[in-house]
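Hello,

Here is the structure I promised to pass on to you. Please have a look at it first, and then read on for what turned up.

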Amino acid sequence: MKRTRQILVWACGLGLVAASAALAAGHDVALSSDGTIYQVRTGVYGTLFPNGKDTAKSNPVVALDVTRPGAPLQRLLVPGSGGSELESSPSVVFEDDSHTVFLLWQSEINIHPILELAGFDGANWSKAITITGNPFAPKTSPQFTITRDSYESPDATGNPVTRHRTLLHLIWQEVDASNQLETYYTPVVINDGVYIGWNPVYNLDDFQPPQNPALAAGPAIQSSVLAVPVVQSGRDDRTVLVAYGSPARGQLTTIEVDVLPEQLMQLADDARSHIIDIGRQSYPSDVAGLAEKARSHIIDIGVAFYPEIAQSLGDQVKAQILADTSGDLATLAEKARSHIIDIGAKFSGRGLRSPNAALNGANPATALVEVDDTPNASPPDATVNPYHLLQIRVASGWPAPPSGLGTVKLFVSQTGQDMIVSWALADRILYRNSQPGGWSDPRTLLFSDSLDINKAYDILDQRVQHR
């Protein structure tokens, strides 16, 4: 498992019970379930607030426009954005469960580019999370989406309590030392309404499989294609997809992030503790008895899973204990824990075979990463502090698409297996479909009285979702 730390500044916990899954990536406009339109914009304070007195007229600010059905537009100054720092690249997502609109934008701290993330529930603002990444590199194309799930854990008295977990999945781009765009991802975890205190930052190229030397290097990716990464909801409530171009690899890639159930980590840690507890009296004199008791315990406590899954996990841990030759109880227990997590992650893949086993002729590219509020703990222990496990895998990859003129937009299927790249001109959209080994010939959607650019985009989105 890969564990990574980042440079992160936290202004204050978000303090919000947030977010349902299956939300689209945020841009500058969001629509709530009651028909309220939220639009985030940046500009000079004196222009956005002609009669305002909260800050200097010349200061750049972030504003949120709220338009409720049948009511006039209400413009709000986003707290903390009233200084002299440049504010840009705003993005917004509305989450129905908590009736909260989340905002993401680029700002600065002492000339260092940062990203700010905040929420507004209709009455109160959260204080912002400040994400630094490379403190000298501007952040471009910032956007995000949200997943949410729940699980049970004991309270202080030992009674089960339902807890809610929200992840805000952020992506952005930075220019590296060789003047190449790199795409970054960070999961911001809010566990039961409380930000856990840190979040790792990942360069998405690090999850790519080793390049196959037998494959010829493709052409360079068009710069306009590189600059339009996409993050969106995936195939179910806990997955998201990131599609981006890698100049270092000369290809477009889709990466799936799967937030594994908290119950899987609870099961793995409980099994490890149980093996150590009963093994103190029976290991190594009665390995067979230890193996059977571990199997029975996993089946008993695995009530959050289908019985067949819990039984399979129990059987495999039993077999692993019987075959172990380490001679060390702690090592044996840790191997059992890791095995449960590994098998649970494979079950989470929803398939009998690896979905990317033949990706570009390379080996499957999948990584498990852990996020918790004690990132240096090894191994982590959910009985002390909850931790959160993400499975990150390369869903698909394509060579650089043949270049085209116009404004570029990417469309990705919910599985991440298919993509459309489009180029918008004044009177038409040109597009190419992904296909095994490359791209289709260019196709055209001509604008007309009944087909404008927005309808054309809708058509392309529907097309890629039904491939």
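Let me begin with a side chain from the aromatic part of the story: Phe 207 has a relative accessible area of 6%, and because anything under 20% counts as buried, Phe 207 is buried. Please keep in mind throughout that this is a predicted model.

**Aromatic pairs**

There are seven aromatic pairs in the structure. In one of them, the ring centres of Tyr 45 and Phe 49 lie 5.2 Å apart with the planes at 25°, so this pair is stacked. Tyr 45 is buried at 1% relative accessibility, and Phe 49, with a relative accessible area of 13%, is buried as well. Phe 207, mentioned above, belongs to another pair: with Tyr 202 it makes an edge-to-face arrangement, 5.5 Å from centre to centre and with 65° between the planes. Its partner Tyr 202 is buried too, with a relative accessible area of 1%.

**The four-stranded sheet**

Next, an open sheet built from four strands, in the order β2-β3-β4-β5 and with antiparallel pairing. Which strands stand at its edges? They are β2 and β5; each has a single partner strand, so one side of each is left without a neighbour in the sheet. From one strand to the next, the twist averages 25°.

The pairing of β4 with β5 can be followed residue by residue. Strand β4 covers residues 60–67 and strand β5 residues 74–77; the two run antiparallel and are joined by four bridges. Across this pairing, Ala 63 stands opposite Leu 77, while Val 66 faces Gln 74. Together β4 and β5 form a hairpin with six residues between them, and in the turn Gly 70 has a positive phi of about 75°.

At the other edge of the sheet, strand β2 spans residues 29–31 and includes Val 29. Is Val 29 buried, exposed or partly exposed? Its relative accessible area is 41%, which makes Val 29 partly exposed. Val 29 also takes part in a nonpolar patch on the surface with Leu 31 and Ile 37, and these residues together have about 270 Å² of accessible area.

**The five-stranded sheet**

Further along the chain, five strands form an open sheet in the order β15-β16-β17-β19-β18, again with antiparallel pairing. Here the edges are taken by β15 (230–233) and β18 (366–372), each with a single partner strand, so one side of each has no neighbour in the sheet. Neighbouring strands of this sheet are turned against each other by 25° on average, direction ignored.

How many bridges join β17 to β19? There are nine, between residues 251–259 of β17 and residues 387–399 of β19, and the two strands run antiparallel. If you would like a place to start looking, Thr 254 stands opposite Ser 396 in β19.

**A helix residue**

Last comes Glu 334, which sits in helix α6 (residues 329–348). With 22% relative accessibility, Glu 334 counts as partly exposed. Its C-alpha atom is separated by 9.1 Å from that of Ser 273, a residue 61 positions away along the chain.

Happy to talk any of this through once you have had a look.

Best wishes

Conventions:
Residues are numbered from 1 along each chain as its sequence is written. This is a predicted model: local features need pLDDT of at least 70, side-chain atom pairs count only at pLDDT 80 or more; totals for chains, interfaces and linings use all residues. Side-chain values use heavy atoms; hydrogens and water are left out. Patches are made of residues with over 30% relative accessible area and no salt bridge: like charges are joined within 9 Å, nonpolar side chains (Val, Leu, Ile, Met, Phe, Trp, Tyr) within 5 Å. Accessible areas come from the Shrake-Rupley method with a 1.4 Å probe; for residues, only the protein chains shown count as cover. A salt bridge is a side-chain nitrogen of Lys or Arg within 4 Å of a carboxyl oxygen of Asp or Glu. Buried means under 20% relative accessible area, exposed over 50%, partly exposed in between (1.4 Å probe, protein chains only). Two strands pair if DSSP finds at least two bridges between them. Axes are lines fitted to C-alpha atoms, for helices over the stretch in contact, and angles run from 0 to 180 degrees between N-to-C directions. Rings of Phe, Tyr and Trp (its six-membered ring) pair if their centres lie within 6.5 Å; planes under 30 degrees apart count as stacked, over 60 as edge-to-face and the rest as tilted.
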